[in-house]
Amino acid sequence: MPGLNACFVDVGFERDAFLHYLDLGNQFDSYTKYLKQVQSDRKKLYPISKASRLPDLKKDGSIATTLSLGQEVLVQIVKEPISTKGPRLTGELSFAGRYLVLMPFNDKVSVSSKIKSGEERARLKQLIQSIRPKNFGVIVRTSAEGKRVAELDSELKVLLKRWEDAITKVQKTQTRPQLVFEETGRAVAMLRDLFNPSYENIYVNDESVCQEVKHYVTLIAPDKANIVKMYTGNVPIFDNFNVTKQLKSSFGKTVNYKHGAYLIIEHTEALHVVDVNSGNRTRSANGQEANALQVNLGAADEIARQLRLRDMGGIIVIDFIDMNLAEDRQMLYERMCKNMQKDRARHNILPLSKFGLMQITRQRVRPAMDVMVEETCPTCFGKGTIRSSILFTDQLESKIDHLVNKIGVKSFYLHVHPYVAAYINQGIVSLKRKWQFKYGFGVHVIPSQKMAFLQYEFYDAKKQFIDMKEEIETK
C-alpha cells in the first residue's frame, strides 16, 4: 500500500496483519540478510555473532522499494486484532524477561528511566556491556535495580536460548506462515511483571497452568515456590475468593462508588466516554463547589482503577461535574495524574477543557474487557415469560432422571443459584437427600454466584460441562 507507506502481511490469521515502513526497525536490512544466510543451510545454523550489521534503514524511505510481494519477513505482533482491524506488526524483535529485554541486531544498552540513581544506572550499563553477546542490544528494566550480576547473567542466557530456538525453527521448517516464538502464557506474563515479595498465595484451578506457574515462581523466587497451590474445591474458584461479586459490581454500564455517586461508562468504536454523576449523594455543608470537588476526586480514583480493570485504550473522554475554581480543577488534574502513575500502559492526560472535559489517551494493545453484567435471561431466553418458579425443582429432577437413567452419568455436580441451593439443602430430609436416595450418592449440589436465579448447569465428575438445556422447557 504505497499510499500508506505500509504493507499487509499474511501471518496465518483470518485478517492480514499491518506493517508500517517506520515499524520495520532500523536493522531491517541486517535481518533480511541474516534470514537468507540461515535459510541457505538447513543443517548448520549460521551464528548471529558472525552476521554483519548493515547501515540503518533510511527514515524517509518507501515500503515499495524495501519489500517485494511474496517476500518472507520475521515479525513480532505488538497489537492484537481489535474489531475490524488486523494485528499490528513490528520488525524490531524483542524478548522480554523479568529484568532485561533482549533485542537482536541492536547494539545499544539502555536503562529504564525509572531508575533514578546515576550510580546504579552506570553500574547496570557497565555490567550489561561486559556480558552481552555480540550483535545484541539490551534494555534494562526497572526491576533490575540492585540485582547481582549472576541473576542478570542467568536471565540473559535464558533470553538468548529463546532467540536461538526461534531462529532454529526458521532454519529447519519449510511451512509458512509459521509461529517461531510464543510468549509464555498470560498467567506467567502477569507474574513476570507484577510478582513481588508480598504475595502470600497463588491459587490455580487448572493442572497445566499450575505447573507452569509453579515452575516460573521456582525460577524467580525459589523461597516462594510453596505459595502456588492447586485449587481443588467444588465451589467455583471465583466464588470461593469473592471475585464474582466484585466483577458483577465493577463492570457494566453503571459503576457505583463512594457516597452514592456513580459513573456511566459507554464504549463506542472511536472512543470511551465516562460521565460523572453525584447521584443521591448527601450534600456537603460547604456548598455545591465543595460537593462537586469531592465527587470529582472520588471519580478520579475510580476511573483510574476502571481503566486498568477493563484495559480501556484509545481515547477516553470524561465529563466531570463543573467546577468554578481554577485551583479545584488543577487539584483534580493532579489527582488523576497521580492515580495513573501505577498504570503500566503508556498514557497521556490533558487538563480539564473549557467545558469541564478531561481527555486521556491510553495505549491499546488488546480489545477492552467488556464483561456483560446484564445477561439474556437464561430461563426464558429473552421471551419474558417463564414456567411457574415453584415447578423449577421438578424440572431439575426430570433432568437428573434423564442424566442418570438415560445417559448413564452417575456422578455429577449441579450448579445453581445460592438461594436455590439453600432451598434444595434445607431440612433433615432435604430435597437433595431424597434425590440421592432415588438416583444415587453421585448427586452433588453446588451453590454458584455466577448463576441467575432460575439458571442451572450440570458438570460431570471431571468438571466438564454437560449441556442439558432445551429451549422447549420454557413453553
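# Sheets and cores of the model

User: In what order do the four strands of the open sheet with mixed pairing stand?

Analyst: This is a predicted model, in which local features need a pLDDT (the predictor's confidence in each residue, from 0 to 100) of at least 70 and side-chain atom pairs count only at 80 or more, while totals for chains, interfaces and linings use all residues. Residues are numbered from 1 along each chain as its sequence is written, and side-chain values use heavy atoms, leaving out hydrogens and water. Helices (H or I, at least four residues) and strands (E, at least two) are DSSP runs numbered from the N terminus, and two strands pair if DSSP finds at least two bridges between them. The pairing in this open sheet is mixed, and the order is 18-17-19-20.

User: Which strands form the edges of that sheet?

Analyst: An edge strand here pairs on one side only. This applies to strand 18 (443-447) and strand 20 (465-466).

User: Which residue in strand 20 is the bridge partner of phenylalanine 458?

Analyst: Strand 17 (412-416) runs antiparallel to strand 19 and is joined to it by five bridges; one partnership sets leucine 414 against phenylalanine 458 in strand 19. On to strand 20, strand 19 (residues 456-460) pairs in the antiparallel sense over two bridges. There, tyrosine 459 stands opposite phenylalanine 465, and phenylalanine 458 has as its partner isoleucine 466.

User: Which residue in the turn of the hairpin of strand 19 and strand 20 has a positive phi?

Analyst: Four of the five residues of strand 19 are buried (under 20% relative accessible area with a 1.4 Å probe, protein chains only; over 50% is exposed and in between is partly exposed), leaving the strand mostly covered. Its hairpin with strand 20 has four residues between the strands. The phi of about 65° in the turn belongs to lysine 463.

User: Which residues does isoleucine 167 touch, not counting those up to four places away in sequence?

Analyst: A nonpolar core is a set of buried Ala, Val, Leu, Ile, Met, Phe, Trp, Tyr and Cys residues joined through side-chain atoms within 4.5 Å; the largest one has 31 residues, and Ile167 is among those that touch the most other members. Helix 4 (149-172) is one of the elements giving two or more residues to this core, and its seven residues are the greatest contribution. With contact taken as heavy atoms within 4.5 Å, isoleucine 167 touches Tyr34, Leu35, Val38, Leu45 and Leu74.

User: Why is one side of strand 11 and of strand 15 left without a neighbour in the sheet?

Analyst: These strands belong to an open six-stranded sheet in the order 11-12-13-14-16-15, with mixed pairing. Strand 11 (254-256) and strand 15 (347-349) stand at its edges, so one side of each lacks a neighbour, because each has a single partner strand.

User: What angle does the direction of helix 9 make with that of strand 13?

Analyst: Strand 13 (residues 271-277) pairs in the parallel sense with strand 14 (residues 314-319) over five bridges, and leucine 271 has isoleucine 315 as its partner. Helix 9 (residues 288-310) packs on this sheet, touching strands including strand 13 and strand 14. With axes fitted to C-alpha atoms (for helices over the stretch in contact) and angles from 0 to 180 degrees between N-to-C directions, the value is about 150°.

User: Over which residues is the pLDDT below 50?

Analyst: The protein chain averages a pLDDT of 85, and 93% of the residues score at least 70. One stretch, with twelve contacts beyond near neighbours in sequence, has a pLDDT below 50: residues 471-475.
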